[in-house]
Every structure is written in structure tokens, then in C-alpha cells.
Amino acid sequence: MKISLTSDVELWSWNKNFEQDVKNGVLKLVELAEREKIPVTLFISLSDKGYFEKNYIEKISELIKQIKSKIIDYGIHTHCKNIPMGFPTIHDNLKDYKKEEMERIVKWYKNKLEKITKKKVFTHRAGSYAIPNLEIIDEVLGKNNLTIDSSYLIEIIVFQ
């Protein structure tokens with residue numbers, strides 16, 4: 001039996017400490033994935049979720065650039081608070097934005113994450129379990145060539 005793992009990579013509310021909440025855990029997971037040859041998709045939040053972590057995008061970018069593993073893939077984890085969009089991003093959840101704003105947020109995330117990772121991004125997971133209207137989110141993701149949304153689809157896949 002083969003196993004594939006996913007993990008959300010985001011600043012947590014418990015400690016609000018990048019090193020403890022994000023960096024250390026991600027590096028341990030990558031180490032495990034490499035050792036055990038387990039594919040992992042890391043769903044990356046590019047928002048500090050309103051915790052005012054100084055230089056959060058730069059820190060997460062540097063962390064991702066440290067990961068050289070070929071079995072690590074990346075997906076978008078749409079927390080939205082305080083991301084630089086040219087319009088107010090006061091809400092953390094994608095579902096709290098108008099459709100046009102959702103499209104801009106998802107496009108920004110995809111472009112930014114592909115630039116950082118140097119890998120194609122085709123998966124999405126909504127932050128905070130806050131799933132937008134399925135019809136709208138499917139359209140928004142489709143316009144951005146995101147083919148998998150793991151926000152509302154939870155399954156165990158066993159490969160033979």
C-alpha cells in the first residue's frame with residue numbers, strides 16, 4: 001500500500017511564532033517524507049492570518065526555497081487576511097469576498113506560489129474550513145487552472 005500525505009502550512013493562533021508553528025514542523029515532515037519516500041502536498045498560506053508576523057511572506061518563501069525534495073508538491077491554502085491585493089483584505093476566509101475578488105486572490109496565490117516553488121500548482125484548499133459556494137469556487141479555480149480542490153473532498157485513496 002502506498003501513502004500520500006497533505007498538510008496545511010500556516011501560522012497558528014496558539015503561539016504565533018513562525019519558527020515553532022511553521023518552520024520546525026515543515027522541515028520535520030519533509031525529512032520524514034524523504035526518509036520514507038512518502039509524497040506530500042503542502043498547502044501553503046501566504047497570509048499571516050492577521051497575527052502581524054513580521055515579514056511572513058518572506059519567511060515562508062525562504063522556508064519553501066530550502067525544500068529541495070522532488071516528492072513534495074504545493075497547493076494553495078487560501079487564508080486572505082492582509083495579503084497585498086490592492087483592495088482591503090480584512091477577511092481571512094475566501095468565501096467572504098465577491099467573486100471577482102476571489103478570482104484575483106486565487107490568481108495572486110497561484111502566481112506567487114509558482115514563482116516561489118518553481119513548480120506547477122494545481123491544488124487548492126480553503127482556509128479555516130470556510131468553503132465558498134461550490135459553484136462559484138469551482139468556476140474561480142477553473143479560471144486559474146486549478147484542477148483539484150481538497151476543501152470539500154476528503155477521501156482515502158489506496159493505490160495498488
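## Strands β3 and β4

H77 has R125 in β4 as its bridge partner. This pairing belongs to a predicted model. Strand β4 covers residues 123-126, and three bridges link β4 to β3 in the parallel sense.

## The sheet as a whole

The strands β1-β2-β3-β4-β5 lie in that order in an open sheet of five strands, and the pairing is parallel. At the edges are β1 and β5 (148-149), each of which pairs on one side only.

## Strand β2 and its neighbours

On one side, β2 runs parallel to β1, and five bridges join the two strands. Within this pair, S7 has L42 in β2 as its bridge partner. Five bridges also connect β2 with β3, again in the parallel sense. Here F43 stands opposite G75 in β3. Between β2 and β3 the chain passes through α2, making a β-α-β crossover that is right-handed.

How much of β2 is buried? Five of its five residues are, so to speak, under cover: the strand is described as mostly covered, with each of those five buried. The side chains split between two directions: V40, L42 and I44 point one way, while T41 and F43 point the other way. Residues pointing in either direction are buried.

## Helix α1

Helix α1 takes in residues 18-36, a run of 19 residues. From the first C-alpha to the last, α1 reaches 26 Å, which is close to the 27 Å expected at 1.5 Å a residue.

Both ends of the helix can be described. At the N-terminal end, N17 acts as a cap: one of its side-chain oxygens lies 3.1 Å from the backbone nitrogen of E19. At the other end, α1 is followed by K37, which has a positive phi, near 55 degrees.

## How α1 packs

Which residues of α1 are buried? They are F18, D21, V22, V26, L29, V30 and A33. These buried residues pack against three strands of the sheet and one helix, namely β1 (5-9), β2 (40-44), β3 (72-78) and α2 (56-66).

Strand β2 therefore appears twice in this account, once as a partner of α1's buried residues and once as a strand whose five residues are buried. Helix α2 likewise appears both among the elements that α1 packs against and as the link in the right-handed crossover from β2 to β3.

Definitions and conventions: Residues are numbered from 1 along each chain as its sequence is written. This is a predicted model: local features need pLDDT of at least 70, side-chain atom pairs count only at pLDDT 80 or more; totals for chains, interfaces and linings use all residues. Side-chain values use heavy atoms; hydrogens and water are left out. Helices (H or I, at least four residues) and strands (E, at least two) are DSSP runs, numbered from the N terminus. The expected span of a helix is 1.5 Å times one less than its number of residues. Buried means under 20% relative accessible area, exposed over 50%, partly exposed in between (1.4 Å probe, protein chains only). Contact means heavy atoms within 4.5 Å. A polar contact is a pair of N or O atoms within 3.5 Å; within protein, one must be able to donate a hydrogen and the other to accept it, and residues adjacent in sequence count only if both atoms are side-chain atoms. Two strands pair if DSSP finds at least two bridges between them. A crossover is right-handed if, with the strands pointing away from the viewer, the path from the first strand over the helix to the second runs clockwise.
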